[in-house]
Amino acid sequence: MRAHRSIKMETIRKSDESQWIFSTRQFLATLSPLLAAFLIGLTNGFHTILLIQLIPTSTTDANNHEIWITSNDDWYQSPFSGAMFAIIGCYLSIIAMEKLGRKKSMMVFFQISLIGWIVIGFARNILYIKIGTAICSLGVGLFSPLIPVYIGEITDPSLRSLFLSMINTMMTSGVLMAMTFGSFLHWRIVNYICEAYLLICWSTCVISQESPIWLMNRDRKKEALYHWVHLRGWKSEGEYRAMETAVRRNVEQSKFVGSTIISRLKYDLCSKDFLWPLSVSCMLFFVYYFSGYKLVKYHMLDIISTTVQSRSLVAEIIITSMIFVTDIVACFFVWKCNRRTLAIISAMGTISSLFVLILYVYLNLEVSWLIITCCLCYYVFFGIGLIHLPWIYCGELFPSKLRSSGSSIVFGFSYICTVVDTILAPESIIPLEMQELCIIYFTLMVVGSSFLIWKLPETKDKTLLEIERMFDNESDDDNVNVNVMMI
């Protein structure tokens with residue numbers, strides 16, 4: 001095997017392969033994590049289908065279904081049910097990513113999720129649905145930190161933002177597909193479709209590549225170089241050598257910190273080059289969830305349901321379709337434009353839309369075109385930046401040796417934000433007035449955006465090592481030279 005790889009590498013070195021070949025290889029390598037993002041969307045959308053199809057109403061016949069979600073099943077409808085297992089999955093993902101690697105972890109996580117879908121498919125009472133949903137939520141938590149870490153480590157700086165921005169687009173398309181199928185298919189049929197999709201996802205792991213950076217941190221240098229060259233070509237060898245030097249330097253530095261794992265971990269987690277990326281990433285997700293999305297969605301659902309006189313699920317599909325179109329267009333802007341510029345434009349536009357919404361609610365205006373325009377502007381401004389940037393920065397900012405830990409902590413925090421956002425949502429657990437909700441979300445959005453405008457770094461087209469050194473508390477003389485020489 002090693003001899004084969006040596007011959008293959010020499011062949012690649014001597015051949016003059018064009019850049020599109022390496023771009024194609026990177027796309028194929030990112031296919032598995034992107035399909036995992038689609039699976040997260042399917043899981044979230046399927047949860048909505050179950051809540052709609054299995055909760056009895058005054059017009060439903062209990063004899064038409066063998067399973068009902070009743071008032072005794074408040075645990076299933078609670079926002080804590082899924083988030084609790086997702087948070088557990090986030091922290092278990094640290095162990096898997098570090099011990100098994102990125103590729104093998106992906107394969108294991110697909111199998112865990114498949115078990116959850118199978119349990120739901122064979123459910124004969126609500127208990128099995130609870131167990132299956134808990135396993136699927138655990139799978140969502142396992143995948144969430146892995147996806148941006150995996151994509152960030154195997155892609156070129158010029159393509160990294162494009163592939164990372166596709167994560168949220170794939171999630172939105174997954175939600176859209178699940179709700180579309182659920183509008184005319186029985187939930188069991190949708191479940192079987194998701195099971196078949198999972199088998200396809202698992203098979204795509206075969207064409208994926210292991211992260212060269214993870215191999216480098218495990219001192220498997222020959223394998224790391226092989227996968228790096230296969231994905232990026234010999235022209236990026238200078239970047240590889242700089243990364244290799246930085247990894248060796250980190251290993252030597254850790255010897256002086258302490259001999260125990262706890263002392264090294266304490267030093268790493270308390271260092272500036274970990275705490276600053278952690279604070280920036282957490283604030284991005286804070287703004288992501290407390291931007292007033294559910295508040296605006298509540299008004300749009302009311303408008304659409306009144307206009308087309310349709311079911312709530314159809315209104316959900318219309319809104320999700322609008323977001324999906326915005327996501328696709330936003331991927332191009334994220335790829336071509338500076339991150340800070342997009343963040344500032346997106347934040348200012350979103351804040352302005354929320355301010356108009358506050359005026360509409362407080363003045364009790366009955367101008368339909370105003371609220372429609374306000375909601376549409378909100379989706380456009382929120383979609384071009386703030387909806388994608390959390391995933392991009394989470395896959396870029398953290399140092400290589402702490403990337404899996406940092407990403408998992410951030411996503412654990414994000415699921416806590418999800419629970420709080422769900423509690424604050426209109427007609428939810430806390431009975432707040434609409435005016436109060438508008439003020440709360442507007443204030444949180446202003447505070448979070450102010451921090452991002454102040455501290456958000458520009459990472460477009462920078463290598464992971466260059467980004468890591470932006471937060472390093474070492475002197476410039478000790479830094480590794482990351483001005484990559486093209487070979």
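1. A good place to start is Asp461, which is partly exposed, with a relative accessible area of 42%. Asp461 has a positive phi of about 65°, although it is not a glycine. Its place in the chain is the loop between H20 and helix H21 (464–470). Please keep in mind that this is a predicted model.

2. Asp219 invites a look alongside Asp461. Here too phi is positive in a residue other than glycine, with a value near 60°. Asp219 sits in the loop that runs between helix H9 (212–217) and helix H10 (221–232). Is Asp219 buried or exposed? With a relative accessible area of 56%, Asp219 is exposed, because anything over 50% falls in that class.

3. Now for the overall picture. The secondary structure comes to 21 helices and zero strands. The protein has 487 residues, of which 54% count as buried. If you take the contacts between residues at least 6 apart in sequence, 81% of them join residues at least 24 apart.

4. The interior deserves a paragraph of its own. The largest nonpolar core has 113 residues, and the members that touch the most others are Phe110, Phe143, Ile167 and Leu357. Why does this core lie between domain 1 and domain 2? Both domain 1 (23–209) and domain 2 (283–477) give residues to the core, so it lies between them. A second core, of 16 residues, lies apart from the largest one; among its members are Ala224, Val247, Leu464 and Leu465.

5. Leu357 is worth selecting in your viewer. Leaving aside residues up to four places away in sequence, Leu357 touches Leu295, Val296 and His299, and also Ile371, Cys374 and Cys438.

6. One helix pair is a nice one to inspect: H13 (residues 272–289) and H20 (residues 434–455). Their axes come within 9 Å and cross at roughly 145°, and the crossing is left-handed. On the H13 side, the residues in contact are Trp276, Ser279, Val280, Met283, Leu284, Phe286, Val287 and Tyr289. They meet Tyr441, Leu444, Met445, Gly448, Ser449, Phe451, Leu452 and Lys455 of H20. Sorted by class, this contact has twelve nonpolar, three polar and one charged residues.

7. Finally, a word of background for the core and the helix pair. In soluble globular proteins, nonpolar side chains tend to be buried together. Two packed helices are described by the angle between their axes and the distance between the axes.

Conventions
Residues numbered from 1 in each chain as written. Predicted model: local features only at pLDDT ≥ 70, side-chain atom pairs only at ≥ 80, totals over all residues. Heavy atoms only, no water. Core = buried A, V, L, I, M, F, W, Y, C linked by side-chain atoms within 4.5 Å. Buried < 20%, exposed > 50% of the residue type's maximum accessible area, 1.4 Å probe, protein only. Domains from an automatic or database assignment. Contact = heavy atoms within 4.5 Å. Axes fitted to C-alpha atoms, helices over the stretch in contact; angles between N-to-C directions. Helix = DSSP H or I, 4+ residues; strand = E, 2+ residues; numbered from the N terminus. Left-handed = near helix turned anticlockwise from the far one by under 90°. Nonpolar A, V, L, I, M, F, W, Y, C, P; charged D, E, K, R; others polar.
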